[in-house]
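Biologist: Please take a close look at the charged pairs in this protein, and at what surrounds them. A single connected account would suit me best.

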Amino acid sequence: MDLVLLAKAAVMGVVEGLTEFLPISSTGHLILAGTLLGFHDEKAKVFELAIQTGAILAVIIVYWKKLRDTVVALPTQHEARRFALNVLIAFLPAVAIGLLLGKAIKEHLFTAQVVAISLILGGFVILWAERRQQAVRVDDVDRMTPWDALKVGLVQCVAMIPGTSRSGATIIGGMLLGLSRKAATDFSFYLAIPTLIGAGAYSLYKERALLSVQDAPMFGVGLLFSFVSAWICVRWLLRYIASHSFTPFAWYRIAFGIIVLLTARFGWIDWHG
């Protein structure tokens, strides 16, 4: 058993869990962490997508009552069917764009420089969104229309550019589209369930030839640390948004992006791996 490899898997799991649901880009942080750890080959890319399942399990547990009640009510309640339909509608654009452009995006955009620029630009978008006067049309996910869901789903596609942040795009995008901060955050978490499980399962199936039984401990450690850190993070974030804005995350994105660009420019860190 390679203890160094397991330690790297644990670090990557923590990075995934802490960044997946914050508006700071989990993909971007995983690319940077993987580069620093020397953990960025083709198998590592599959690992990064697979451990998202641990983070999603944390969301399922936190939102278990809502999810359970929705499934039970599907045959009889229009509200439950509309909620499920909205999640499906929002999920489909990412499926279409992922199948069409996913390979090209991974080949050309998964670089530290792209991540850094996306972090900085996304930070300024968050600052602008937080300072903008926004009229709230939808204060609860159950009041969303299919049109609302489609627009959030289209915004989510922007997050395929690494460094953008899936949660950041859907939460800030939802707020700009008229959702309350809580409704946008809740829907972002619900939408993450099919999106991230689907991406992880598809990646595992597509790259199954790269994997073997010997990889099970590495994936197990990554999943465990991703789950624990995501569970802590989600519970904290739901309390945080009740009385705070996302402005601190914007400044973090900008500062971190600048640090990455400077370290690359002066050769202090080889971000090319």
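Modeller: Cys 233 has a relative accessible area of 6% and is therefore buried, the limit being under 20%. Cys 157 is also on the buried side of that limit, because its relative accessibility is 14%. The model is a predicted one, and it holds 0 disulfides. The links between side chains to follow here are thus the charged ones, and a search of the whole structure finds 10 salt bridges.

Helix H10, which covers residues 181-206, is a useful place to begin with these. Within it, Lys 182 and Asp 186 are joined by a salt bridge, with an N to O distance of 2.6 Å. The two residues sit 4 places apart in H10, so about one helical turn separates them. Their surroundings can be read from the accessibilities. Asp 186 is buried because its relative accessibility is 7%, under the 20% limit. Lys 182, at 52%, counts as exposed because the limit for that class is over 50%.

Arg 181 belongs to helix H10 too. Its side chain meets that of Glu 130 in a salt bridge of 2.8 Å, N to O. Glu 130 is in helix H7, so this pair ties together parts of the chain that are 51 residues apart in sequence. Glu 130 has 18% relative accessibility and counts as buried, whereas Arg 181 is partly exposed at 23%.

Thr 185 is a further residue of helix H10. Its relative accessibility is 0%, so Thr 185 counts as buried. Setting aside neighbours within four places in sequence, Thr 185 is in contact with Ile 171, Leu 238, Ile 241 and Phe 246. Of these, Leu 238 falls in the range of helix H11, given as 216-240.

Another pair to consider is Asp 142 with Lys 66, a salt bridge in which the closest N and O atoms are 2.7 Å apart. This bridge links distant parts of the chain, 76 residues apart: Asp 142 is in the loop between helix H7 (112-131) and helix H8 (146-158), and Lys 66 is in helix H5 (residues 64-73). Asp 142 is buried, its relative accessible area being 17%. Lys 66 is partly exposed because its value of 23% lies between the 20% and 50% limits. Elsewhere, salt bridges link Lys 65, Arg 68 and Asp 69 in a network. As a general point, side chains of opposite charge can pair when their charged atoms come close.

For contrast, there is also a nonpolar area on the surface. Leu 57, Ile 61, Leu 224, Phe 225, Val 228, Trp 231 and Ile 232 make a nonpolar surface patch of about 610 Å². Two elements give two or more residues to this patch, helix H4 (52-62) and helix H11 (216-240). H11 supplies the largest share, 5 residues, and Leu 224 is a residue of that helix.

Definitions and conventions
Residues are numbered from 1 along each chain as its sequence is written. This is a predicted model: local features need pLDDT of at least 70, side-chain atom pairs count only at pLDDT 80 or more; totals for chains, interfaces and linings use all residues. Side-chain values use heavy atoms; hydrogens and water are left out. Patches are made of residues with over 30% relative accessible area and no salt bridge: like charges are joined within 9 Å, nonpolar side chains (Val, Leu, Ile, Met, Phe, Trp, Tyr) within 5 Å. Accessible areas come from the Shrake-Rupley method with a 1.4 Å probe; for residues, only the protein chains shown count as cover. A salt bridge is a side-chain nitrogen of Lys or Arg within 4 Å of a carboxyl oxygen of Asp or Glu. Buried means under 20% relative accessible area, exposed over 50%, partly exposed in between (1.4 Å probe, protein chains only). Contact means heavy atoms within 4.5 Å. A disulfide is a pair of cysteine sulfur atoms within 2.5 Å.
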